[in-house]
Amino acid sequence: SDKGISALEGFFKNLKQLEEFKFLVSNCKEVTDKGLRSLSESLKHLTEIRTFEISVHNCDSVTDKGAQNILDIVGNSLGKLETFSVEFDGCMDITSKTPKTILELSKQISKDIKVVELNFGYCISIKDEGLNSIAELVKSLEGSKLTKLQVQFSGCESITEDAFENLLDAVRGLPESLKILNLQFNNCYNL
């Protein structure tokens with residue numbers, strides 16, 4: 001719940017570096033944008049994270065504003081980031097704004113990035129603009145040390161073939177270091 005998350009405020013105030021940060025919540029109707037803002041505030045002093053994993057599944061009260069709050073955590077530490085994993089699977093109020101926010105963050109990501117995992121499955125409010133933002137992000141990974149790319153937009157019924165083709169064009173330019181490519185677009189009826 002938001003109350004539980006807010007209990008973390010102040011707990012991490014002296015923390016500057018983390019090898020790994022993982023935050024996972026699932027089916028939590030009591031977790032809202034406010035709770036994610038509290039988490040972001042409690043970790044605002046971080047200047048270095050190597051592995052950043054956020055997984056918010058089926059949390060009906062999380063919107064783009066909450067996603068922005070949680071993504072702010074990694075904002076100051078992108079230069080050392082090696083793994084970037086973001087999942088908002090089944091969060092119905094996440095729109096194309098969140099992938100656009102991730103695209104803006106990606107402009108600061110180090111070329112040492114090795115893993116990028118993005119899951120927006122069943123975020124039914126995401127349209128082509130969101131997938132096009134992710135295609136731009138993928139293009140920016142050219143020349144990186146990327147070994148794994150996972151992009152999941154299953155159940156995003158508003159995504160069309162044009163946006164999907166933009167993503168495929170971007171994938172063609174990925175570095176030779178890539179070993180794992182996972183693209184999931186199940187139940188996207190406009191493809």
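Is Phe-120 buried or exposed, judged by its relative accessibility? In this predicted model, Phe-120 has a relative accessibility of 0% and therefore counts as buried, and the views below place this residue and others in their surroundings.

**View 1. The whole chain, with its helices and strands in alternation along the sequence.**
The protein chain contains 6 helices and 6 strands, and a reader who follows the sequence meets them in the pattern α-β-α-β-α-β-α-β-α-β-α-β. The C-alpha trace spans about 45 × 35 × 20 Å along its principal axes. For 191 residues a compact globule would have a radius of gyration near 16 Å, and the value of 16 Å found for the protein chain therefore agrees with that expectation. Of the 191 residues, 50% are buried. When contacts between residues at least 6 apart in sequence are considered, 88% of them join residues at least 24 apart.

**View 2. Strand S5 between its partners S4 and S6.**
Strand S5, which covers residues 148-152, is mostly covered, with 4 of its 5 residues buried. On one side, strand S4 (residues 115-119) runs parallel to S5 and is joined to it by 5 bridges, and in this pairing Asn-119 stands opposite Gln-152. Between these two strands the chain passes through helix H5 (residues 128-140), making a β-α-β crossover that is right-handed. S5 also pairs with strand S6 (residues 180-184), again in the parallel sense and over 5 bridges. Here Lys-148 of S5 stands opposite Ile-180 of S6, and the chain travels from S5 to S6 through helix H6 (residues 161-171) in a β-α-β crossover that is right-handed. A further facing pair in these strands is Leu-149 with Leu-181 in S6.

**View 3. Phe-52 and Phe-84 in the nonpolar core.**
In soluble globular proteins, nonpolar side chains tend to be buried together. The largest nonpolar core in this model has 56 residues, and those with the most contacts inside it are Phe-52, Phe-84, Phe-88, Phe-120 and Phe-153. Phe-52 has a relative accessibility of 0% and so counts as buried, while Phe-84, with a relative accessible area of 1%, is buried as well. Once neighbours within four places in sequence are set aside, the residues in contact with Phe-52 include Phe-21, Ile-70, Leu-71, Val-74, Leu-81 and Phe-84. The structure holds 6 aromatic pairs. In the pair of Phe-52 and Phe-84, the ring centres are 5.9 Å apart and the planes lie at 10 degrees; because planes under 30 degrees apart count as stacked, this pair is stacked. The pair links distant parts of the chain, since Phe-52 belongs to strand S2 (residues 48-57) and Phe-84 to strand S3 (residues 83-87), 32 residues apart.

**View 4. Phe-88 and Phe-120 within an aromatic cluster.**
A pair of aromatic rings is described by the distance of the centres and the angle of the planes. Phe-88 and Phe-120 form a stacked aromatic pair, with 6.4 Å from centre to centre and 25 degrees between the planes. This pair, too, links distant parts of the chain: Phe-88 lies in the loop between S3 and helix H4 (97-106), Phe-120 lies in the loop between S4 and H5, and the two are 32 residues apart. Phe-88 has a relative accessible area of 0%, and because buried means under 20%, Phe-88 is buried. Phe-120, likewise at 0% relative accessibility, counts as buried. Phe-88 and Phe-120 join Phe-153, Phe-164 and Phe-185 in one aromatic cluster.

**View 5. Helix H4 and the elements packed against its buried residues.**
H4 is mostly covered, for 7 of its 10 residues are buried. Its buried residues are Thr-98, Pro-99, Thr-101, Ile-102, Leu-103, Leu-105 and Ser-106, and these pack against helix H3 (64-75), S3, S4 and H5.

**View 6. Ser-40 and its contacts from elsewhere in the sequence.**
Ser-40 lies in helix H2, which covers residues 33-42. The relative accessible area of Ser-40 is 8%, and because this falls under 20%, the residue is buried. Leaving out residues up to four places away in sequence, Ser-40 touches Asn-69, Asp-72 and Ile-73.

Key: Residues are numbered from 1 along each chain as its sequence is written. This is a predicted model: local features need pLDDT of at least 70, side-chain atom pairs count only at pLDDT 80 or more; totals for chains, interfaces and linings use all residues. Side-chain values use heavy atoms; hydrogens and water are left out. Buried means under 20% relative accessible area, exposed over 50%, partly exposed in between (1.4 Å probe, protein chains only). Two strands pair if DSSP finds at least two bridges between them. A crossover is right-handed if, with the strands pointing away from the viewer, the path from the first strand over the helix to the second runs clockwise. A nonpolar core is a set of buried Ala, Val, Leu, Ile, Met, Phe, Trp, Tyr and Cys residues joined through side-chain atoms within 4.5 Å. Contact means heavy atoms within 4.5 Å. Rings of Phe, Tyr and Trp (its six-membered ring) pair if their centres lie within 6.5 Å; planes under 30 degrees apart count as stacked, over 60 as edge-to-face and the rest as tilted. The radius of gyration is taken over C-alpha atoms; the globule rule is 2.2 Å times the number of residues to the power 0.38.
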